[in-house]
Amino acid sequence: MKLIEVNNLVFSYDKKINVVDGVSFSVESGKYISIIGHNGSGKSTIAKLLIGLLEPSKDSIKAFGLDLNAKNLGAIRSRIGIVFQNPDNQFVGSTVRDDIAFGLENRRVPHEQMDEIINKFAEKVRMSEFLDKEPENLSGGQKQRVAIAGILAMNPDLIIFDEATSMLDPKGKREVRETIDLMRKENPNLSIISITHDLEEAFSSDEVIVLKKGKIVGHDKPENILENPGIFVESGVDLPFKSKFVNLLSQVGIEIKNDESLERIVEELCQ
Amino acid sequence: MPINFKNVFYTYSEKTPFRHEALKGVSLTINDGSFTCIVGHTGCGKSTLIQQLNGLLIPTSGSVDVNEYHIEKKNKSLKKLHDLRKEVGVVFQFSEYQLFEETIEDDVAFGPMNFGMKKEDVLKIAHECLKTVGIPEDYYKKSPFEISGGEKRRVAIAGILALQPKTLVLDEPTAGLDPRGTKYILDLFKKLNEQGTTIVFVTHDINIVYEYATDVIVMNEGKVVLQTVPEKLFAEDVEQYSLETPLIQKTVNLLQAKGMKLDVSKIRSLEDLVKEIAEARK
Amino acid sequence: MTNVALGRYVPYNSFIHRMDARNKIFCLIALMVAVFISYPTYEITFIVGGALAVFIFALLLISHVSVKDIFKSLRVLWFFIILLLVINIFIPPKGAENVAFSMGSVNVYWEAIFQSLKIILRLILMIELTMILTATTKPLDLTYGLEWYLTPLKLVKFPAHEVAMTISIALRFIPTLLDETDRIMKAQSSRGVDFKHGKLSARLKAIVSLIIPLFISAFQRSEELADSMEARGYDPKAKRTRYHILRFSLNDLFSFILVGALMSGTIILSHYQWSLQTTSFVPWYSLILICIFIYIILVGIIDAARRKA
């Protein structure tokens, strides 16, 4: 089932340069899609358009069968969650508990049910013991996990991660990634759009979209997109380590047949 | 002269309920002309440590020697610390937030002017530094607030370079940049290092240590766990210091386990590794 | 981080911590009235003042506020206290006639000394009271308490909810912005800025180099925060449910009556003096008292009605 259909999406901040320039793609239920491209390629703008923080061009976004416009905005937003880059600037509550409650209050969840929901989702992101902590006493990774809990508590069909791990240290990155894996396992129907610089993450997802100057220059399964290194040269995006390694090897005349994993490549090299 | 820490302790908010001991007896040496990487988890005391380098924080006990400056609690002459800041330039995390002047060139010139240099001389230096960090000439008169995040970061770095420091201290200068921006400024620091500037580089990214460092300091909970050269660090199992194994090292380890003979001392980048593999297969 | 220990919420589970924030705000006002009311003679002033001091000190102990912290906060007041003494000595209060001693040509009156002591006592008690309130009440509850008092203003379209939300977010971001200030100051110090010394023009520039980045970052934060709140379904005009619900318990009723009675007592005492002679008019502060009671009951009714609807 198609959750989101984006059709010829165009957006401009200043009415001169199109930051997003004729982008089309669709998101199916349960799919994990990565969007990569260097800074200024329009990735984050797309995220804001999808959740209606910016106004998309007419009839260009269809979400859950509804046109994204002022009338349907509330209904659409109740099914999409977004985690932004800066962990500090999306922590609304004065404690973890309050922050998870914030979204519930907005959705008019009755007071009596709140504690149960908060406890349940804090448990899911492994933040139960921090429920009464203030944001200034939490690490970046913990704050992002709270943001995820706040979104999961609203039971969304799609979560957008807008460079959600880029300001975190390796430990924080790992924690957030583990949380994402866990929630996908629990709810296979949950779709994810991840805007990221982390190529290893991008190439473990179901589909990769490569953006350049607001246009899609590549959209395919990771293994297919890697067969066309031109896309990467053109868009200025780095290749994942494994592919870089294989490419360099072929430059010195060593051809690798099976580049499924680093172990396989090494095996082939040592034959 | 090398930088020397002798048994440095530092405690925040002493005598309050929020007392926090950030450095617990740190002794280390940073050699002239080195590219020293400091690694460790968030909260291990890295940021506190680098603030001792230009006298922003004075050790609670112990002493720090930087060039001819001897920093110790009982010996704090503020005038001297001011001059020290010209010799040791510190670029903080998310340094783009320190920009405030009307034009980019004025912002870069701001630092040297605080040290009493004349505006005309300073502008010349500012232009040079902007060129070094790769900001095109038609940007000089622009406002620092109308350029992209990565460019702002480079302007902020130019603002410290304009002090012409002998030692450049960088706290996570690549955080939040895209891979292209990261590579650009890393190569910039490497070039500066080759021209003789000592680089002290705080990072979480173990791959940077692998490819760029000449010296490495591993910190944990306010203490120096290890001070060594990268070759020695990566010859061990780095996971015992709760660091990740760099991808290149991982590949080297796999290859060696399969019996390939590699001259590890020659490998600093993926290109080197591929070259060594080609050698070994001959 | 700098000294932010003062007036910060300290999580304990004392009787006062458990009190309803609205009730605590009332009690604070009532006790402030008792502290600031003027009594006919200095004897009564100091007897009542002393009694209040003991009472408030007991409250301090119950609420686990560190007495040491209070003395620390009083340190800032030293200058003020000395200034007060000097002013009172050189410009004696009206009707001062009892000379305590003389310093050269200046007579120091008992009245001047008492007057100064009275003001100092009031100041100390006021600070203690405020600290009890902030140390035992979560900022968020305090905001909700204030919002409750502003409920009637909603009828005249005053954005009480928005104001409360703004205050609670501001409170949430204070530590973040303090950290940011610290970081920017250090970054500029590294560029040779001296925040403590130097000529006026240099210091002005130093402040500009701090303020502009701080504002820019604050604006960016607020923008991102607004985006995030909107994405999470926040609409200031829409109805929301509440996670925090303030509860008026039996303990609250007890303390409400106790403090109310205490305040009434001091008002009566200040007006009727010792002799309990009846006077011909209702004192104006009794009117205030009655107004406060009526107001609280009214707000309670309005609030209950709104919640039902």
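Reader: How many bridges join strand β4 of chain B to strand β5 of chain B?
Author: Welcome! This is a predicted model, and the two strands are a good place to start. Strand β4 of chain B covers residues 61-66 and β5 covers residues 69-72. They run antiparallel, and the number of bridges joining them is four.

Reader: Which residue is the bridge partner of B:V64 in β5(B)?
Author: B:V64 belongs to the β4 strand, which spans residues 61-66 of chain B. Its bridge partner has to be looked for across the pair, in β5(B), and that partner is B:I71.

Reader: Which residue takes a positive phi in the hairpin of β4(B) and β5(B)?
Author: The hairpin has two residues between its strands. One residue there has a phi near 50 degrees, and that residue is B:N67.

Reader: Thanks! Moving to chain A, in what order do the four strands of the open sheet stand?
Author: The pairing in this sheet is antiparallel. β2 (20-28) and β5 (66-67) of chain A each have a single partner strand, so one side of each is left without a neighbour in the sheet. With those two at the edges, the order is β2-β1-β4-β5.

Reader: Which residue in β5(A) stands opposite A:A63?
Author: Strand β4 of chain A, residues 61-63, pairs with β5(A) in the antiparallel sense over two bridges. Opposite A:A63, in β5(A), stands A:L66.

Reader: How many helices and strands does chain A have, and why is it called as compact as a globular protein of its length?
Author: Chain A has 11 helices and 10 strands. The globule rule gives 18 Å for 271 residues, and chain A is close to that, so it is as compact as a globular protein of that length. Along its principal axes, the C-alpha trace spans about 70 × 45 × 35 Å. The value behind the comparison is a radius of gyration of 20 Å.

Reader: What share of the contacts in chain A join residues at least 24 apart?
Author: The count takes in contacts between residues at least 6 apart in sequence. Of these, the share that joins residues at least 24 apart is 63%.

Reader: How far apart are the centres of the two domains of chain A?
Author: Chain A is divided into domain 1, residues 2-236, and domain 2, residues 240-271. Between their C-alpha centres lie 33 Å.

Reader: Which helix of chain B gives the most to the side of domain 1 that touches domain 2?
Author: Chain B is divided into domain 1 (3-232) and domain 2 (246-282). Their contact takes five residues from domain 1 and seven residues from domain 2. Four residues on the domain 1 side come from one helix, residues 206-212, and that helix is α7.

Reader: Is A:A147 buried or exposed?
Author: A:A147 sits in helix α5, residues 140-152, of chain A. A residue counts as buried if 20 or more other C-beta atoms lie within 10 Å of its own. A:A147 has 27 other C-beta atoms within 10 Å, so it is buried.

Reader: Which residues does A:A147 touch, not counting those up to four places away in sequence?
Author: One of them is 64 residues apart from A:A147 along the chain, with the two C-alpha atoms separated by 6.5 Å: A:V83. The full answer is A:V83 and A:Q90.

Reader: How many residues of α3(A) are buried, and what do they pack against?
Author: The buried residues include A:F102, A:L104 and A:E105. In α3(A), 11 of the 11 residues are buried, so it is largely enclosed by the rest of the structure. Those residues pack against α4 and α5 of chain A together with α7 (139-149) of chain C.

Reader: Which helix supplies the largest share of the side of chain A that touches chain C?
Author: The contact takes 27 residues from chain A and 25 residues from chain C. Both α3 (96-106) and α4 (111-124) of chain A supply at least two residues of the chain A side. The largest share, seven residues, comes from α3(A).

Reader: And which helix supplies the largest share of the side of chain A that touches chain B?
Author: Here 24 residues of chain A are in contact with 26 residues of chain B. Helices α6 (170-186), α10 (241-251) and α11 (262-269) of chain A each supply at least two residues. The chain A side divides into 12 nonpolar, seven polar and five charged residues. Its largest share, five residues, comes from α10(A).

Note on methods. Residues are numbered from 1 along each chain as its sequence is written. Chains are lettered from A and ligands numbered from 1 in the order in which they are written. This is a predicted model: local features need pLDDT of at least 70, side-chain atom pairs count only at pLDDT 80 or more; totals for chains, interfaces and linings use all residues. Domain bounds come from an automatic or database domain assignment. Two residues are in contact if their C-beta atoms, placed from the backbone, lie within 7 Å. The radius of gyration is taken over C-alpha atoms; the globule rule is 2.2 Å times the number of residues to the power 0.38. A residue is buried if 20 or more other C-beta atoms lie within 10 Å of its own, exposed if 12 or fewer, and partly exposed in between; C-beta atoms are placed from the backbone. Two strands pair if DSSP finds at least two bridges between them. Ala, Val, Leu, Ile, Met, Phe, Trp, Tyr, Cys and Pro count as nonpolar, Asp, Glu, Lys and Arg as charged, and the others, Gly among them, as polar.
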